[in-house]
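Subject: Structure handover

Hello,

Here is the structure for your files. My notes follow below it.

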Amino acid sequence: MTTLFKLSRLRIYGLLLGMYVIGLCPSIAAQGLAAFDDSSSVTTGPISSSPAAESSSWSSPSEAQTTENIGPSVTRSAGTPCDLASPLGCIKDVLHDQVGIWTAPARLRGRKLLWLLPIAGATALAFEYDVPAMNALGPSPTRIRASNDFAHVGSGYVLVGAAALSYAFGRLEHKQRPREAGMLALEAVADASLVTEFLKLATNRQRPFVAPGTGKFWPDDSEIYTFNGSFPSGHSAATWAFARVMVEETPGHPWLHVLLYGVASGVSIARVTGQNHFPSDALVGSLIGYTVGGYVYRHHSQFYVPKASFISLAPLYSPATASYGASLSFHP
């Protein structure tokens, strides 16, 4: 009886840890830097060149101007910047990122906590309908093969290769923005992968193709741990982290943003239709990737300018029709 009690307690602790991270990631995405920091300052390494001095299609003219009239200044402390030429700086950045990501809930205050409710509700629904959704898909070798082929876009070698190409282009052409985009994309993929691998180890969920296909957590109790669990989706997290950084680094290119987020969404869906993950795995993985990508950009980009986040609700009255209403304004 004592042994069974200890095993049950371990399961509960793991579930609580998983839900802790599920809640923290979406709230960070919605509220931005303020959810992570007690102030508007960001601490990273020094920057080798000024964005105002760069002429590149990656940056808009407004970004090359001074930012003191746009928002709070971004302060940076001395240190080694993240660059392939100085990998030690990248390792330090990733370690600092992990500390900031995992301790973020301690800095959530007031209305920021409200963002936990809709995300927690969506995640709970996804968990509830995981098995019915997979059963509704049914067996289809053609669909599974096509889904798995497309999901290779979210593989590490593809994302790392794309980020490396951006970095190499920036270095060869002496353009700071694509160089930074490549480095931050690599850093975001690394951060998102670390978070998802830890959660896989903590939750140890069976994949949909493992009989009986119910996605059981800790199927072997707490005796066996694996980094190949189903929850959350690592492909989804890495792809969304990469896409978020690239979108933030390429302002003024909406069609490119639609393409990047479309591909990331496609990878998340393909991991489900390919029977590698349940819907909740893909949902949580996508949220983790999106928020981690935003975190990395805000904390390490020299082009980042803080923006105000707000939600306002104002009553409306029309004398002509004697009707009442309300106006909701939202800027994440």
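In which loop is Gln275 found? Gln275 sits in the loop between α9 (254-273) and α10 (279-300). Please keep in mind that this is a predicted model.

Backbone at Gln275 and His174

The phi of Gln275 is near 60 degrees, a positive value in a residue other than glycine. Most residues other than glycine have a negative phi. With a relative accessibility of 21%, Gln275 counts as partly exposed, because the partly exposed class lies between 20% and 50%.

His174 also has a positive phi, of about 55 degrees, and is not a glycine either. Its place is the loop between α6 (156-173) and α7. The relative accessibility of His174 is 70%, so His174 counts as exposed, the cut-off being over 50%.

The helices on either side of Gln275

The loop that holds Gln275 links α9 to α10, and these two helices also meet. Their axes come within 8 Å and cross at roughly 150 degrees. That makes α9 roughly antiparallel to α10, because angles over 145 degrees are classed that way. The crossing of α9 past α10 is right-handed. On the α9 side the residues involved are Tyr261, Ser268 and Val272, and on the α10 side they are Pro279, Ala282, Ser286 and Tyr290. By type, the residues of this contact comprise 5 nonpolar, 2 polar and no charged.

Cis peptide bonds

Most peptide bonds are trans. The bond from Ala211 to Pro212 is cis, with omega near 5 degrees. A cis bond also joins Phe231 and Pro232, where omega is about -10 degrees. Pro212 lies in the loop between α7 (176-203) and α8 (234-249), and Pro232 is placed in the loop between α7 and α8 as well.

Whole chain

The protein chain has 10 helices and 2 strands. Along the sequence the helices come before the strands, in the pattern α-α-α-α-α-α-α-α-α-α-β-β. Of its 332 residues, 45% count as buried. Among contacts with a separation of 6 or more, 78% are between residues 24 or more positions apart. The accessible surface of the chain is about 16,700 Å², and carbon and sulfur atoms account for 67% of that area.

Regards

Key
Residues numbered from 1 in each chain as written. Predicted model: local features only at pLDDT ≥ 70, side-chain atom pairs only at ≥ 80, totals over all residues. Heavy atoms only, no water. Helix = DSSP H or I, 4+ residues; strand = E, 2+ residues; numbered from the N terminus. Buried < 20%, exposed > 50% of the residue type's maximum accessible area, 1.4 Å probe, protein only. Contact = heavy atoms within 4.5 Å. Areas by Shrake-Rupley, 256 points an atom, 1.4 Å probe, with all protein chains shown as cover. Axes fitted to C-alpha atoms, helices over the stretch in contact; angles between N-to-C directions. Parallel < 35°, antiparallel > 145°, perpendicular 65-115°, else oblique. Left-handed = near helix turned anticlockwise from the far one by under 90°. Nonpolar A, V, L, I, M, F, W, Y, C, P; charged D, E, K, R; others polar.
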